[in-house]
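Open the model in your viewer and keep the sequence panel beside it. We'll go from stop to stop, picking something to select and saying what is there.

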Amino acid sequence: MKSNNYDEADMVNEVELLQEALGSGAWNMTFDQNGELTSVNWSQVFRRMIGYKDESDFPNKLSSFIDRLHDDDRERVVNLYWNAVKDYTDRTVYDTEYKFLTNNRGYRWFHAAGRIARRENGSPISIVGFFIDIDDKKKLEESLKAADEEKTEQLRILKSLADMYYSMHLINLRTGNITEYSSGAELREFLDKKISAAEKMRLIMENVVVPQFRESALKFTDLTTLSERMRGLKTLSSEFVGIYTGWFLANFIAVETDNEGCPTVVLFSTQVIDERKQQEHVLFLRSVTDDMTGFLNRRAYEAQLEYYRRNPIPENLVFTVFDINQLKHVNDTLGHAAGDELICGFASIANKLKMLQGKNGKVFRTGGDEFVGIFCLTPEQYAIGEKEFFNHVSKWRGKLVNRIAIASGTACRSDYPDLNIDELAKIADQNMYKSKAEYYKRKGIERRHI
């Protein structure tokens, strides 16, 4: 009689059978606190897919994989892998295709993708991924492009793919003919017009893309320059925001090319990605926001500095460093809840400032009780905002702490037009410490005792 027990070995076997049925092999790797690779595990399904028996002929080492990559793909794939692992913002995705040397069938095309689990500081814990044989698909794509007699099959495939996209059109750049496979209803009126393909494309972009993205969308979809822009390229992609769709991904795929590698027939597709972009935006905001205060965090601050290292600094930029006086003393005598109240108190005061309305400025929490404000205001406007700020400081009262004292230091770009952003930050920091020293002197407090 057959047992009804279902043990872990059965589960593993079923997972492996499913992987083999789907033509995908799993693999995983782990990392230490410093992001250094500590272990590699190639599944048995993975090994069987590429013609190996077990760990004896395909060891659990990263080099087992790297050494078998095709020379044309090795550097690109390895760089992408490590860039994804070392990107603590988790925005780099390991998802790629390459040729790989199997043990029994020579080089074959594979598609690999991995997802990374991370610690709170962004360092990698592990990466888990799958490896899928796409050699037949690749060869089919190549044969469809190479032989005229197989164009009927190509069109059948394109029509089936059209269901996956918001719109899909085959464009002959020589004749100007456009073949529609799928299209949003709002595009039909433009496609039916008896004008050239280039004029149709321009008309569509002018009417379906929001104004902020319209100029870049027109340049991207300019069919009069597309062939030259895609010389030697298989695809050309960009993202825009549509009036009806929200975010969408636009793709040109070269279907036929001339002897110089310039496409003569392209597939143009759009895919709605608004939900994904919104999720990405939420995750991005979380990654650059301080949980306690709601201000931008240290990561965002470093990115802002890097931006000004590479781009001109606005003439009206004002760099200010803030620090809460006696926070350590409050933590030591009244507890960390009282210290947190001071930090949140600073945040509540700063959020009342008129000079933070619109795009006038940003506040970053760069440390425990350290904050940086980067404002685009005239010195006169900033002086009014500073007066407003310290007026709120003098009136603030907490439940655990009676008052709050803030030291601040400022450096205006207009006063130091020849300094870079790091030098402005240093002057503001020095001025903040002068302000702090004056506060302690005025209060008769020895700073070494607090």
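Helices here are DSSP runs of H or I with at least four residues, numbered from the N terminus. Keep in mind throughout that this is a predicted model.

**The whole chain**

Start zoomed out, with everything shown as a cartoon. You're looking at 16 helices and 14 strands. The protein has 450 residues, and 42% of them count as buried. Now think about contacts between residues with a separation of 6 or more: 53% of these join residues that are 24 or more positions apart.

**Stop one: Gln304**

Select residues 298-310, which make up helix α12, and pick out Gln304 within that helix. Is Gln304 buried or exposed? With a relative accessibility of 11%, Gln304 falls in the buried class, because the cut-off for buried is under 20%. Now show what touches this residue. Setting aside neighbours within four places in sequence, Gln304 has contacts with Lys362, Phe364 and Ile374.

**Stop two: three strands side by side**

Next, select residues 94-101 for strand β3 and 107-118 for strand β4. These two run antiparallel, and 8 bridges join them. Add residues 124-133, which form strand β5. β5 is antiparallel to β4 as well, with 9 bridges between the two.

Which residue of β4 stands opposite Thr96? Click on Ala112 and you have found the partner of Thr96. Ala112 also stands opposite Phe131 in β5, so you can use Ala112 as a handle for both pairings.

Then look at the turns. The hairpin of β3 and β4 has 5 residues between its strands, and Gly106 there takes a positive phi near 70°. The hairpin of β4 and β5 likewise has 5 residues between the strands. In that second hairpin, the residue to click is Gly122, with a positive phi near 95°.

**Stop three: a closed space**

Switch to a view that shows internal cavities. Counting those of 30 Å³ or more gives 3 cavities. Go to the second largest cavity, which has a volume of about 110 Å³. Its lining is made up of 15 residues, and Met29, Leu62, Phe65, Tyr81 and Tyr94 are the closest to its centre.

Colour the elements around this second largest cavity: β1 (24-31), α3 (62-66), α4 (74-86) and β3 each bring at least two residues to the lining. Which of them gives the most? That is α4, with 4 residues. Now colour by residue class, and the lining of this cavity comes out as 15 nonpolar, no polar and no charged residues.

**Stop four: an open pocket**

Now select Gln326, Ile404, Ala405, Tyr439 and Lys443. These lie nearest the centre of the second largest pocket, which is lined by 21 residues. The volume of this pocket is about 330 Å³.

Helices α13 (327-334), α15 (379-395) and α16 (421-443) each supply at least two lining residues to the second largest pocket. With 5 residues, α16 gives the most. By class, the lining of this pocket has 10 nonpolar, 6 polar and 5 charged residues.

**Stop five: two backbone oddities**

Most residues other than glycine have a negative phi. With that in mind, stay at the pocket and click on Gln326 again. Gln326 has a positive phi, near 60°, without being a glycine. You'll find Gln326 in the loop between β11 (317-324) and α13. Gln326 counts as buried, with a relative accessible area of 19%.

Where is Asp90? Look in the loop between α4 and β3. Asp90 is another residue other than glycine with a positive phi, in this case near 65°. Asp90 is partly exposed, at 41% relative accessible area.

**Last stop: the cysteines**

To finish, select Cys262 and Cys412. Cys262 is buried, with a relative accessible area of 4%, and Cys412 is buried too, at 10%. How many disulfides are there? Taking a disulfide as a pair of cysteine sulfur atoms within 2.5 Å, the count comes to 0.

Terms used
Residues are numbered from 1 along each chain as its sequence is written. This is a predicted model: local features need pLDDT of at least 70, side-chain atom pairs count only at pLDDT 80 or more; totals for chains, interfaces and linings use all residues. Side-chain values use heavy atoms; hydrogens and water are left out. Buried means under 20% relative accessible area, exposed over 50%, partly exposed in between (1.4 Å probe, protein chains only). Contact means heavy atoms within 4.5 Å. On a 1 Å grid over the protein atoms alone, a cavity is a set of points where a 1.4 Å probe fits but cannot get out, and a pocket is an open set with protein on both sides within 12 Å along at least five of seven lines; lining residues have an atom within 4 Å of a point. Grid points are joined across faces, edges and corners, and a volume is the space filled by probe spheres set on the points. Ala, Val, Leu, Ile, Met, Phe, Trp, Tyr, Cys and Pro count as nonpolar, Asp, Glu, Lys and Arg as charged, and the others, Gly among them, as polar.
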